[in-house]
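Hi everyone, thanks for making the time. I'll put the structure up and then talk you through a few things in it.

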Amino acid sequence: MLTFHPMSTDDRLRMQRAARADGCRSADYYFGTLFLWSGKTRYWIADGESPMIQLQREEESPLFLWPVGSGDKRAALQSLLDYATAQGFPPAFMGLEERHAAELETLFPGCFEIQERRNWADYIYEADRLISLSGKHLHGKRNHISRFLREHDDWHFEELTPALFPDCLALADEWSHHADNSAGLLEQERCALERAFAHYDTLALLGGALFAGEQLIAFTMGEHTAADTFDVHFEKAHGEINGAFPMVNREFVQLIKSRIPEVVYINREDDMGQENLRRSKESYYPAFLLRKFSARWREDS
């Protein structure tokens, strides 16, 4: 029978290796995302050839992530099903990539009700295009940057360091005063940001900061996930400064490429079903959406 332990930073390298070996681009399978957003969700990880992760939100039945890494997938999945049955909760998965959902149906045909979850889809962009902003679809972004450059000839961009963390938190708080909190996510994001700063080196995060003169007006950070992909966890900017968002995005991707030349794609994660966030992410015209699915054991199986 499987045994699970609370996920900790000691599990980071093992989980990173397994997710990369599986070819995952989804943010859901990398330690940084799970660790940073674990405020109201408990994550448990089992030992074994394929790291198996159980998550439980408050007052909800536990769920599993796909068992990434090497090893016999059918045996790994069966062990999860047996564990769930022994513990008395229905076997269920979340955040399945499309290929994982297909493999689950192949291995256990007709046993799971599988549903696509549009709100969970990750937005994947070509890194080079986020730098060049080439093409007619992105002319608006280029115009915003041109205006920013005209109005702020004293701007500069630099790599994020711990000395800047307090100013970043202050900027994030200022941004949140004008943000839509209808989904109640701002408090969770603030906790995730604090956790990112507290474990910045341990999580091997990389970030950048944009200034107009001496004023911090935007910051961003993320982590190298799949071999060819970098995941952006946070991006905040002064809402009243035109062009701050596309500018910090462009400069950060240039920093990423200079440090990690093998990066081809930038994952800007999901939109959580928030309409304003969806419009913002779509306005950069992603190369593709990384579709995600849920799966729940059919009671009649």
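I'll start with the whole chain, then go to a pair of helices, and finish with two single residues.

One thing up front: this is a predicted model, so please keep that in mind throughout.

Okay, the overall picture. The chain has 10 helices and 14 strands. Its radius of gyration is 20 Å, close to the 19 Å that the globule rule gives for 301 residues, so the chain is as compact as a globular protein of that length. If you lay the C-alpha trace along its principal axes, it spans about 65 × 40 × 40 Å.

What about the inside and the outside? Of the 301 residues, 50% are buried. The accessible surface comes to about 14,100 Å², and carbon and sulfur atoms account for 47% of that. As for how the chain connects to itself, take the contacts between residues at least 6 apart in sequence: 71% of those join residues at least 24 apart.

Now the helix pair. Two packed helices are described by the angle between their axes and the distance between the axes. Here we're looking at α7, residues 165-176, and α8, residues 186-198, with an angle of about 170° and axes 11 Å apart. That angle is over 145 degrees, so α7 runs roughly antiparallel to α8. Who makes the contact? From α7 it's Phe-165, Cys-168, Leu-169, Ala-172, Asp-173, Trp-175 and Ser-176, and from α8 it's Leu-186, Glu-189, Arg-190, Leu-193, Glu-194 and Phe-197. Sorted by type, the residues of this contact come out as eight nonpolar, one polar and four charged.

Let's stay on α8 for a moment, as Ala-196 is found there too. Is Ala-196 buried or exposed? It's buried, because its relative accessible area is 0%. Setting aside neighbours within four places in sequence, Ala-196 is in contact with Leu-36, Leu-205, Met-221 and Phe-234. And if you want a distance to orient yourselves, Ala-196 and Ile-256 are 60 residues apart in sequence and 18 Å apart in space, C-alpha to C-alpha.

Last stop, a loop residue. Thr-225 lies in the loop between β10, residues 215-224, and β11, residues 229-237. So what's its accessibility? Thr-225 has 1% relative accessibility, and the cut-off for buried is under 20%, so this loop residue counts as buried. Not counting residues up to four places away in sequence, Thr-225 touches Arg-20, Tyr-30, Phe-230 and Asp-231.

That's my tour, happy to take questions.

Terms used. Residues numbered from 1 in each chain as written. Predicted model: local features only at pLDDT ≥ 70, side-chain atom pairs only at ≥ 80, totals over all residues. Heavy atoms only, no water. Helix = DSSP H or I, 4+ residues; strand = E, 2+ residues; numbered from the N terminus. Buried < 20%, exposed > 50% of the residue type's maximum accessible area, 1.4 Å probe, protein only. Contact = heavy atoms within 4.5 Å. Axes fitted to C-alpha atoms, helices over the stretch in contact; angles between N-to-C directions. Parallel < 35°, antiparallel > 145°, perpendicular 65-115°, else oblique. Nonpolar A, V, L, I, M, F, W, Y, C, P; charged D, E, K, R; others polar. Rg over C-alpha atoms; globule rule 2.2 N^0.38 Å. Areas by Shrake-Rupley, 256 points an atom, 1.4 Å probe, with all protein chains shown as cover.
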